[in-house]
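User: I should like to learn how the relation between two chains, and the contact between them, is read from a model. Please begin with symmetry.

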Protein chains: 2
Amino acid sequence: MTTDGRRLRGLRSREAILEQAVSLASVEGLNGLSLGRLATATGTSKSGFFSHWQDKEELQLDAVEWAVRQWTEAVVAPALEAPAGVRRLFALHEARLRFYSDGVLPGGCFFFSVQAEFDDRPGAVRDRVSRALHDWLGFIRRQVTEAVELGELAGSVDPAQLAYEIDALGEMIVLHSRLHDGPAAFVHGRRAVLQRLRALCPDPSLLPEDRP
Amino acid sequence: MTTDGRRLRGLRSREAILEQAVSLASVEGLNGLSLGRLATATGTSKSGFFSHWQDKEELQLDAVEWAVRQWTEAVVAPALEAPAGVRRLFALHEARLRFYSDGVLPGGCFFFSVQAEFDDRPGAVRDRVSRALHDWLGFIRRQVTEAVELGELAGSVDPAQLAYEIDALGEMIVLHSRLHDGPAAFVHGRRAVLQRLRALCPDPSLLPEDRP
DNA sequence: CAGATATACAAACGATCGGTCGTTAATATA
DNA sequence: TATATTAACGACCGATCGTTTGTATATCTG
């Protein structure tokens with residue numbers, strides 16, 4: 001199959017639509033997002049969507065896929081440039097904070113909005129979003145395990161336990177910074193994980209100082 | 001003003017409607033909740049709502065108020081029976097976990113759903129919900145301060161910092177237990193706070209063992 | 001009892017929802 | 001060049017959204 005002009009054009013607009021959908025969904029969720037408003041935001045027509053997706057749910061599923069790719073490129077990939085172990089773990093946390101504070105998405109975090117929206121709503125979107133969370137936590141857990149094996153974290157550490165803590169302390173920054181604390185939420189979210197890791201790390205000099 | 005039959009009847013149905021509204025909103029949010037479905041769930045008519053509230057937003061604001069009262073009675077009040085200090089602090093955390101695991105609300109937590117929904121949606125509901133979060137964090141912070149003054153927490157503790165951690169680690173249980181972990185989320189959320197408090201507490205015997 | 005007031009409703013409003021249909025213009029294949 | 005195929009559209013569908021209107025009924029006041 002050659003990349004002919006038709007399909008290329010379709011692909012471009014498809015991607016532009018998904019980009020907008022992820023952006024809008026970070027604010028109002030994937031259900032709160034209506035096809036009418038998405039059409040307005042992308043400068044296209046509602047009915048045009050059905051040339052690309054069978055129904056709204058298929059568009060939602062593709063939007064999740066797009067958000068996963070975006071998250072992988074903007075958060076996971078940069079963290080992988082840090083040396084494995086506790087430094088990579090904290091780099092992952094800081095990459096997440098940067099993603100939030102840079103305002104990549106107007107709503108802060110696509111997954112926070114969508115997971116809160118779908119955690120009680122059975123269906124394909126919930127399953128896909130659940131898998132995304134599963135994969136994300138699995139990734140953190142593997143970094144923890146690797147750090148333990150490298151002797152950079154105490155052997156008593158339970159990887160699933162620490163993964164939960166790191167994710168929870170990072171995720172709630174979105175809510176607190178927007179609804180309560182403003183910038184202070186970033187300080188709290190960063191320090192919480194930093195303190196926790198330093199306390200578990202035999203060589204804390206691998207990590208930044210607690211109050212730089 | 002005597003409690004005449006009219007107002008009493010009105011009050012009863014008003015409360016029944018709010019109870020249902022909070023329950024439904026814990027699942028689908030305060031916007032996701034439609035007046036039509038709320039009418040069906042309460043066995044009343046849509047138009048009857050406008051005898052009690054001017055518009056949907058007023059109903060939403062009252063629902064937040066109702067949820068605050070429910071939270072205060074079910075979580076805050078029981079914790080206040082524990083002796084002040086670190087024990088009360090952990091009792092507060094455990095009361096919250098019980099609120100979630102008992103399934104008081106079908107969606108787990110009204111505030112989690114609604115705050116995630118409104119953190120990017122300016123308006124009266126957002127402001128009210130923001131104040132609720134503010135009050136809640138202020139309450140936790142005061143318990144931390146009190147524990148420090150009682151010598152039950154290290155003097156180096158930053159109350160706002162620790163309040164953020166306790167709230168974040170407790171709140172995300174809702175999402176993780178429903179979308180990922182199931183019961184394990186409760187274990188992680190409980191242990192995270194317990195370990196943190198024990199590490200900061202000069203007399204850890206005030207708190208439960210880490211692995212009971 | 002008469003009159004005012006409050007609860008609750010059915011019916012209907014315009015707007016918007018997700019989705020269908022039929023068409024047009026452009027591109028690819030033969 | 002003739003024929004499919006595709007992206008994209010305007011018009012429209014039934015359903016549902018929040019809300020208004022008018023009304024019937026029950027309760028309190030005078």
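Analyst: Copies are superposed by least squares on the C-alpha atoms of residues with pLDDT of at least 70 in both. Here, a turn of 180° and a shift of 0.0 Å along the axis lay chain A on chain B with an RMSD of 0.0 Å. The two copies are thus related as by a two-fold rotation axis. In chain A, the C-alpha nearest this axis belongs to A:A168, at 3.0 Å. This is a predicted model, in which local features need pLDDT of at least 70 and side-chain atom pairs count only at pLDDT 80 or more, while totals for chains, interfaces and linings use all residues. Residues are numbered from 1 along each chain as its sequence is written, with chains lettered from A and ligands numbered from 1 in the order in which they are written.

User: How many residues does each chain give to the contact?

Analyst: Two residues are in contact if their C-beta atoms, placed from the backbone, lie within 7 Å. Chain A and chain B contribute 30 residues each. On the side of chain A, α7(A) provides the largest share, twelve residues; helices are DSSP runs (H or I, at least four residues), numbered from the N terminus.

User: Why do the copies meet through the same surface?

Analyst: They do so because 100% of the interface residues of chain A are also interface residues in chain B.

User: How do α4(B) and α8(B) run relative to one another?

Analyst: Axes are lines fitted to C-alpha atoms over the stretch in contact, with angles from 0 to 180 degrees between N-to-C directions. The axes of α4 (residues 86–101) and α8 (residues 183–200) of chain B come within 11 Å and cross at roughly 175°. That makes α4(B) roughly antiparallel (over 145 degrees) to α8(B).

Conventions:
Helices (H or I, at least four residues) and strands (E, at least two) are DSSP runs, numbered from the N terminus. Angles under 35 degrees count as roughly parallel, over 145 as roughly antiparallel, 65 to 115 as roughly perpendicular and the rest as oblique.
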